Amino acid sequence: MARVEISQLEKSYDDSEVVRGIDIDIPDGEFVVLVGPSGCGKSTLLRMIAGLESVTDGEIRIGDTVVNDIAAKDRDIAMVFQNYALYPHMTVAENMSFALKLKGEAKPAIEQAVKRASSILGLDALLARYPKQLSGGQRQRVAMGRAIVRDPKVFLFDEPLSNLDAKLRVQMRSEIKELHQRLKTTTIYVTHDQIEAMTMADRIVVMQGGIVEQVGAPLELYDKPANVFVATFIGSPSMNLYSGTAEAGDGGLVMRTQEDVVMPLPSGRSDLAGRRIVYGIRPEDIVVGAGPGVVASISTIEPTGAETLLLCKVGSVNTVVVSRERVRLGPGDDISLIFPIERLHLFDEATGRRI
């Protein structure tokens, strides 16, 4: 196991900057997830850590060693890819042991390492099979087993669950998290799925446009997003956002939208008066009430079983409400939405930063 330190890391292709001045410190044994939309630079960053991409500027340190100029095979890392990358002509056991054979390890040591990994991953009954005889989940376990037998300092996962169906993804992310809790190996995991990030990570690194927007524990990012991008990217359904101007109202400070919708603001924030702000609230924090509130018109109702999603319009702004109650309403009905003051998120409209 090892600490991974990334300092002022940059990557450019000709005149295109893909990764721009990234600083991340990953303690020994931590499970860190890099998350962001396609093209944000997360996979490029992972490949630079692996040694599969050169570094334009900055430094990558694994343990006490700067690895910028060290070949991938000598970095003592193991990578699990999206497409499994198994040799079709080799059995499960042969796939798992191949890297150790290339290193010239003794046969008893190889057999012991394969036995240990197969036991951890539940592959004992599959060691004599070929990849074509395995399901997608089993192939992914073999790819993980091939990484485990190497006993690396760092595990790198590049969107390993993307090719699996929804039910199997849920199962596999639990297995990967359980594996990390057992092995305690430093792990860096790339995904575009924020649910994977929230459920698996010790800390999440949210990226956009080649930069880091925020780093923190899952619930820290959820409860206190640093900016509008993180607020909308973390959480499903996304946070509802409204733009307007803070002003004094009859009952205290409020925000008034361009469509003259009035929303309450916390007391004691006179510093916001006259300021253009973005007002955010998560769908599950909105209360559907019979009393005075923000009037919304229902567009669609989506029952999911335990919850009901109400897709509404507040003025012209699409708004999602998550209700745990069975709703006896229909499209076109008006409802009153209550926004609890203590659950609001406020951002500066010009910068997008949290206020």
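Biologist: Which residue of β2 is the bridge partner of V4?

Modeller: The partner in β2 is I26, while in β4 the residue bridged to V4 is I62. This is a predicted model in which local features need pLDDT of at least 70 and side-chain atom pairs count only at pLDDT 80 or more, whereas totals for chains, interfaces and linings use all residues. Residues are numbered from 1 along each chain as its sequence is written, and side-chain values use heavy atoms, with hydrogens and water left out.

Biologist: What makes β1 and β2 paired strands?

Modeller: Strands are DSSP runs of E with at least two residues, helices are runs of H or I with at least four, and both are numbered from the N terminus. Two strands pair if DSSP finds at least two bridges between them; β1 (residues 4-13) and β2 (residues 16-26) run antiparallel and are joined by 7 bridges, so they meet that definition. Between β1 and β4 (residues 57-62), also antiparallel, there are 5 bridges. The hairpin of β1 and β2 has 2 residues between the strands, and D14 in the turn has a positive phi of about 55°.

Biologist: Why is the space lined by I77, M79, F81, A99 and R150 called a pocket?

Modeller: On a 1 Å grid over the protein atoms alone, a pocket is an open set of points with protein on both sides within 12 Å along at least five of seven lines, whereas in a cavity a 1.4 Å probe fits but cannot get out; lining residues have an atom within 4 Å of a point. The largest pocket holds about 540 Å³, a volume being the space filled by probe spheres set on points joined across faces, edges and corners. Those five residues are the closest to its centre among the 19 that line the pocket, and α2 (92-102) gives the largest share of the lining, 4 residues.

Biologist: How do you know that M96 and Y189 belong to a nonpolar core?

Modeller: A nonpolar core is a set of buried Ala, Val, Leu, Ile, Met, Phe, Trp, Tyr and Cys residues joined through side-chain atoms within 4.5 Å, and buried means under 20% relative accessible area, with exposed over 50% and partly exposed in between (1.4 Å probe, protein chains only). M96 and Y189 are among the residues with the most contacts inside the largest such core, which has 45 residues. Leaving aside neighbours within four places in sequence, Y189 is in contact (heavy atoms within 4.5 Å) with residues including F31, L34, F157 and I176. Apart from that core lies another, of 28 residues, among them I6, C40, I49 and V67.
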